[in-house]
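Here's a quick tour of a protein model for anyone just getting started with structures. Have a look at the picture first, then read on.

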Amino acid sequence: MKFTLPSLLILLSSFFLIQSCSSERYEPAQDLREAMQERMSDVVRLREAYDNGEPMQRREFTRFAGLPNSEFVDDVSVYQAYFEIFDDMYEEIFKSDAPEKQFNIIIQSCYACHQDVCPGPLRAIKRLEITEL
Ligand code: HEC
């Protein structure tokens, strides 16, 4: 096969076009609040998948540990080790043979921490638990 210069240019430009369209690049959360909001939408998405009989598929997310928290909560430095464990448990949803059970463990853990540090979203979190297991 022989490439003429114009066809090569078209080929190249379409390559860049496709690249720039498909590169919906993931923007990591900048602080704990943003990461929490992101995770809230992710658990809502997973619960919807469960309700629709679809598999719980992993999407990119920002891990909690090491992120600065807002001025509205007490210092969360004591939670860093727990955040690491929590996010490893979160990853387990996508590896588990019973993802819905792992999902519930996560929801209960969100709830447990929020009872202590940040009661605002408690009701929204509680609603996500899969009660018919
Ligand atoms: C170990 C403690 C801990 C765990 C576990 C935890 N959170 Fe949070 N969450 C926090 C703290 C602290 C904040 C406040 C962050 C800030 O304002 O900087 C917060 C904030 C939030 C917010 C409010 C964000 C806003 O708009 O102000 C939501 C919603 C939330 N978390 C949902 C969740 C969900 C869903 C989970 C489980 C997937 C979860 N959290 C797990 C500690 C935790």
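With 6 C-beta neighbours inside 10 Å, Thr131 counts as exposed, because the cut-off for that label is 12 or fewer. Keep in mind that you're looking at a predicted model. The protein has five helices and zero strands, so let's begin with the tail end and then work through the rest.

**The tail after H5**

- Thr131 sits in the segment after H5.
- Thr131 and Asn104 are 27 residues apart in sequence, yet their C-alpha atoms are 8.8 Å apart in space.
- Ile130 belongs to the segment after H5 too.
- Is Ile130 buried, exposed or partly exposed? Ile130 has 14 other C-beta atoms within 10 Å, so Ile130 is partly exposed.
- If you skip residues up to four places away in sequence, Ile130 touches Tyr50, Glu100, Phe103 and Asn104.
- The C-alpha atoms of Ile130 and Ile107 are separated by 9.2 Å, with their positions 23 residues apart along the chain.

**The big picture**

- Reading along the sequence, you get the pattern α-α-α-α-α.
- Of the 133 residues in the protein, 9% are buried.
- Take the contacts with a separation of 6 or more: 52% of them are between residues 24 or more positions apart.

**How H3 and H4 pack**

- The axes of H3 and H4 come within 8 Å and cross at roughly 155°.
- That angle is over 145, so H3 runs roughly antiparallel to H4.
- The crossing of these two helices, H3 and H4, is left-handed.
- Which residues meet here? From H3 come Phe86, Met89, Tyr90, Glu92 and Ile93, and from H4 come Pro99, Gln102, Phe103, Ile105, Ile106 and Ser109.
- Sort the residues of the H3 and H4 contact by type and you find eight nonpolar, two polar and one charged.

**Around the ligand**

- There are 25 residues around the ligand, and Met36, Asn69, Ser70, Cys110 and Cys113 come nearest.
- Helix H2 (32-51), helix H3 (80-93) and H4 are the elements that give two or more residues to this shell.
- Which element gives the largest share of the shell? That's H2, with seven residues.
- By type, the shell around the ligand splits into 18 nonpolar, five polar and two charged residues.

**Two loop residues to find**

- Thr62 is in the loop between H2 and H3.
- Thr62 is buried, because 20 other C-beta atoms lie within 10 Å and the label needs 20 or more.
- Leaving out neighbours within four places in sequence, Thr62 is in contact with Pro28, Ala29, Ala35 and Glu38.
- Take one of those partners, Pro28: Thr62 and Pro28 are 34 residues apart along the chain, but 5.6 Å separates their C-alpha atoms.
- Cys118 is in another loop, the one between helix H4 (99-117) and helix H5 (122-126).
- Cys118 has 18 C-beta neighbours inside 10 Å, so Cys118 counts as partly exposed.
- From C-alpha to C-alpha, Cys118 and Val73 are 7.1 Å apart, though 45 residues apart in sequence.

Conventions. Residues are numbered from 1 along each chain as its sequence is written. This is a predicted model: local features need pLDDT of at least 70, side-chain atom pairs count only at pLDDT 80 or more; totals for chains, interfaces and linings use all residues. Helices (H or I, at least four residues) and strands (E, at least two) are DSSP runs, numbered from the N terminus. Two residues are in contact if their C-beta atoms, placed from the backbone, lie within 7 Å. A residue is near a molecule or strand if its C-beta atom, placed from the backbone, lies within 6 Å of it. Ala, Val, Leu, Ile, Met, Phe, Trp, Tyr, Cys and Pro count as nonpolar, Asp, Glu, Lys and Arg as charged, and the others, Gly among them, as polar. Axes are lines fitted to C-alpha atoms, for helices over the stretch in contact, and angles run from 0 to 180 degrees between N-to-C directions. Angles under 35 degrees count as roughly parallel, over 145 as roughly antiparallel, 65 to 115 as roughly perpendicular and the rest as oblique. A crossing is left-handed if the near helix is turned anticlockwise from the far one by less than a right angle, and right-handed if clockwise.
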